[in-house]
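The following paragraphs lead through an assembly of several chains, beginning with how the chains are placed and ending with the interfaces. Please keep the sequence and the model at hand while reading.

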Number of protein chains: 4
Amino acid sequence: MDVTMDDDGTKQQRRGNTRQRIQDVALELFAEQGYDKTSLREIAERLDVTKAALYYHFKTKEEILVSIFQDLTQPIEDLIEWGREQPHTLETKQEIVRRYGQALDDAAPLFRFMQENQATIRELRIGESFKSRMQGLREIIIDPDAPLTDQVRCISALFTLHAGMFVLQDLEVDPEEKRAAVLEVAIDLVTQAHQGG
Amino acid sequence: MDVTMDDDGTKQQRRGNTRQRIQDVALELFAEQGYDKTSLREIAERLDVTKAALYYHFKTKEEILVSIFQDLTQPIEDLIEWGREQPHTLETKQEIVRRYGQALDDAAPLFRFMQENQATIRELRIGESFKSRMQGLREIIIDPDAPLTDQVRCISALFTLHAGMFVLQDLEVDPEEKRAAVLEVAIDLVTQAHQGG
Amino acid sequence: MDVTMDDDGTKQQRRGNTRQRIQDVALELFAEQGYDKTSLREIAERLDVTKAALYYHFKTKEEILVSIFQDLTQPIEDLIEWGREQPHTLETKQEIVRRYGQALDDAAPLFRFMQENQATIRELRIGESFKSRMQGLREIIIDPDAPLTDQVRCISALFTLHAGMFVLQDLEVDPEEKRAAVLEVAIDLVTQAHQGG
Amino acid sequence: MDVTMDDDGTKQQRRGNTRQRIQDVALELFAEQGYDKTSLREIAERLDVTKAALYYHFKTKEEILVSIFQDLTQPIEDLIEWGREQPHTLETKQEIVRRYGQALDDAAPLFRFMQENQATIRELRIGESFKSRMQGLREIIIDPDAPLTDQVRCISALFTLHAGMFVLQDLEVDPEEKRAAVLEVAIDLVTQAHQGG
DNA sequence: TATGAATGAGCCTTCATTCAT
DNA sequence: TATGAATGAAGGCTCATTCAT
């Protein structure tokens, strides 16, 4: 069975999910302290395994991050693919904003991490993936023939969602209300953009 | 004079401006590679001095960053102070956005650095300063009694300016045009916020 | 077995005793040159390992010293405990002196080190332990109601043993004879102290 | 004049006594923290001068210590010289003990420093001086033909004086009383030594 | 009689990584 | 599926010392 009893009675899940546990702890620490400031020693200690054990599951420190990234950003990949196949209508754009907001919410720790560690990420393998994802997002939401201000509005809509997650953390309001407000503003922006200012 | 010729013909300015040169090079490297990834050795080599020389001018690595931060964010400090004394009119808010955009432009490398190294900064001494500056900005631009969406619009305006600097770098348009567009959208947002959606 | 042959024919014991070897070499160097003057590089080189290897076995330089201290001063700890349970007779005191002399002999390099590096030790974690051990020794050998001179005699007895180890090194006599003489004088002192001058 | 008024009204003696002030501060810090742990920066800061200023007055850090040592141990030098010219009577020896005790008292910080930094001193230029001084003291107080125990008693007398200064600091008795007791025990020891146990 | 600026050596420590077991 | 032991590289920092001014 996957569950063993420790001496002190605490249950510990082993067997087969160590890889997952590494990813969980790693993401938690990466988001909390940053990638550079989080050492493998720390991750290993938190899991009560040795550093060497991490190397059984992942080839390098970077690989841990890459694997997390790949697992958690699939929805955005899917969103972009979906977006490419849709007509460039206002409804599509609004739906993209809605879905993107949802995706951010679902993988909040990862995106918080990406947001706060851009300098680090840029030099990592996921840097390019990230950039191209962002580029993809832009393409499905921006009309390249629209006036510049409207293009900016679309970017702004995306950024409003980000801001909603990471900057408005300390705003003392009901999280749900806040989510709704953020979404409304973002949708408003793409709407204005679509309708030409 | 303060200029001497080296063997290889390169000019080297010494005498009293070493401190400034350290700050310049440090900011450049910090912005380029991140704070953690930039070592004092690297800074020193670039200046053709020893690491120890850096320690003559600054007590720690962090102090270098702090000094840069303090020197370059004064305008924003001033802006906040100015904002506090103004009436909360639409014109004031628009002017704040305008001035903030200008300030970001003037110290672009620093703000790019702050944007991309948030995780690092949070644990540094400037973390708090930065947070309180942002808080100050919010206070002078947000009306706490306004509907939540309008508050979000104000934050969004600020973030639009940031996005304009750092995310739209690769947009292939004339920088001046882009600046104008970004500013327009930001001002638009505070205007809508002021007029109640 | 735990012994392997190197290319150059020197034998090297590995496997499980590296920790002990570090302690041995460290104590030797600490005693010879002092704590501050002994660098981890030096210890590592002498053992033909890297500095980092030391850090696998000990968390800090200080920890190396602490571990040596704890391992080697146990007998004195025991002596104090024993002393506390004995009646305050002359025989007891004499026996304490005898045993203390023996303990000093058994861990001579450590005590020589402690003697010669008091300033350094005071600021280290073992400083307090050392002080309280000395205090403990005093308590079991000094009668607090005795005349001051007799109290001094007891301290003096202890110090005579120390002097015997470290100061009389260069006296050109048979070490055994010297040991006996030192012990005799020390016992004499506690005897006089006990009998009231 | 040698006295100037600072802005804040504190008097500062300058001119000609800087050398002396360096020695004073240095000795204080050396005694307090040890030689190695005391940096020239620290000394300079305490005196409110630059490190370079120290180098105007002394060639090296070691020289500062040497100069202090030479200034303060002259009395012991004198004592030894005096001792050599006296007959080896009991009275002489007792007088030597008395004078040595006085000398220790007069330059207590230095001797405390020497006591606690033997490892450091051994490698310094004063190491030899110190050793030969101690050797000199022994020669004038020990009768080389006496039984070993009596020789030990003499050493012990000297060490009792040391112990009196540095180890008995925390004994809660009137310092004068303590001094007297220590001296009595020391004199007792040389007396016993002289009379043959 | 001092300072400002800098150096070279060295120190303790941490890290990602490796590999035999 | 992991561990124990170790490495090589690097990092931030401190120190005694120098020298032109």
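Chain B and chain C are not joined by any contact, and their closest C-alpha atoms lie 21 Å apart. Chain B and chain D likewise do not touch, with 12 Å between their nearest C-alpha atoms. These statements, like those that follow, concern a predicted model.

Chain A serves as the entry point to the fold. Chain A holds ten helices and two strands. In sequence order the elements follow the pattern β-β-α-α-α-α-α-α-α-α-α-α, so that, with elements taken as DSSP runs numbered from the N terminus, both strands precede the helices. The C-alpha trace of chain A extends over about 65 × 35 × 30 Å along its principal axes.

Within chain A, one helix pair merits a detailed look. Helix α1 (residues 18-33) of chain A and helix α4 (residues 61-85) of chain A have axes that come within 10 Å and cross at roughly 95 degrees. Because angles of 65 to 115 degrees count as roughly perpendicular, this crossing makes α1(A) roughly perpendicular to α4(A). On the α1(A) side, the contact is formed by R19(A), I22(A), Q23(A), A26(A), L27(A) and F30(A). These residues meet K61(A), I64(A), L65(A), S67(A), I68(A), D71(A) and L72(A) of α4(A). By class, the contact of α1(A) with α4(A) comprises eight nonpolar, two polar and three charged residues.

The discussion now turns to the interface of chain A and chain B. The area buried between chain A and chain B is about 3,600 Å², with 58% of it on carbon and sulfur atoms. Four salt bridges are found across this interface. One of them pairs R122(A) with E116(B), whose closest N and O atoms are 2.2 Å apart. The interface of chain A and chain B also has 13 residue pairs in polar contact, counting pairs with both residues at pLDDT 80 or more. On chain A, the elements that each supply at least two residues to the side touching chain B are α1, α6 (108-116), α7 (118-122), α8 (126-141), α9 (148-166) and α10 (175-194). Among these, α9(A) provides the largest share, ten residues. The side of chain A that touches chain B divides into 15 nonpolar, eleven polar and 15 charged residues.

Chain C and chain D form a further interface. Here 40 residues of chain C are in contact with 41 residues of chain D. Between them, chain C and chain D bury about 3,600 Å², and 58% of this area is on carbon and sulfur atoms. The interface of chain C and chain D contains four salt bridges, including one between R122(D) and E116(C), where the closest N and O atoms are 2.2 Å apart. Polar contacts across the interface of chain C and chain D join 13 residue pairs, both residues being at pLDDT 80 or more. The side of chain C that touches chain D receives two or more residues from each of α1 (18-33), α7 (108-116), α8 (118-122), α10 (148-166) and α11 (175-194) of chain C. Of these elements, α10(C) gives the most, with ten residues. By class, the side of chain C that touches chain D consists of 15 nonpolar, eleven polar and 14 charged residues.

Terms used:
Residues are numbered from 1 along each chain as its sequence is written. Chains are lettered from A and ligands numbered from 1 in the order in which they are written. This is a predicted model: local features need pLDDT of at least 70, side-chain atom pairs count only at pLDDT 80 or more; totals for chains, interfaces and linings use all residues. Side-chain values use heavy atoms; hydrogens and water are left out. Contact means heavy atoms within 4.5 Å. Buried area is the accessible area (1.4 Å probe) that two parts lose on being put together, summed over both. A salt bridge is a side-chain nitrogen of Lys or Arg within 4 Å of a carboxyl oxygen of Asp or Glu. A polar contact is a pair of N or O atoms within 3.5 Å; within protein, one must be able to donate a hydrogen and the other to accept it, and residues adjacent in sequence count only if both atoms are side-chain atoms. Helices (H or I, at least four residues) and strands (E, at least two) are DSSP runs, numbered from the N terminus. Ala, Val, Leu, Ile, Met, Phe, Trp, Tyr, Cys and Pro count as nonpolar, Asp, Glu, Lys and Arg as charged, and the others, Gly among them, as polar. Axes are lines fitted to C-alpha atoms, for helices over the stretch in contact, and angles run from 0 to 180 degrees between N-to-C directions. Angles under 35 degrees count as roughly parallel, over 145 as roughly antiparallel, 65 to 115 as roughly perpendicular and the rest as oblique.
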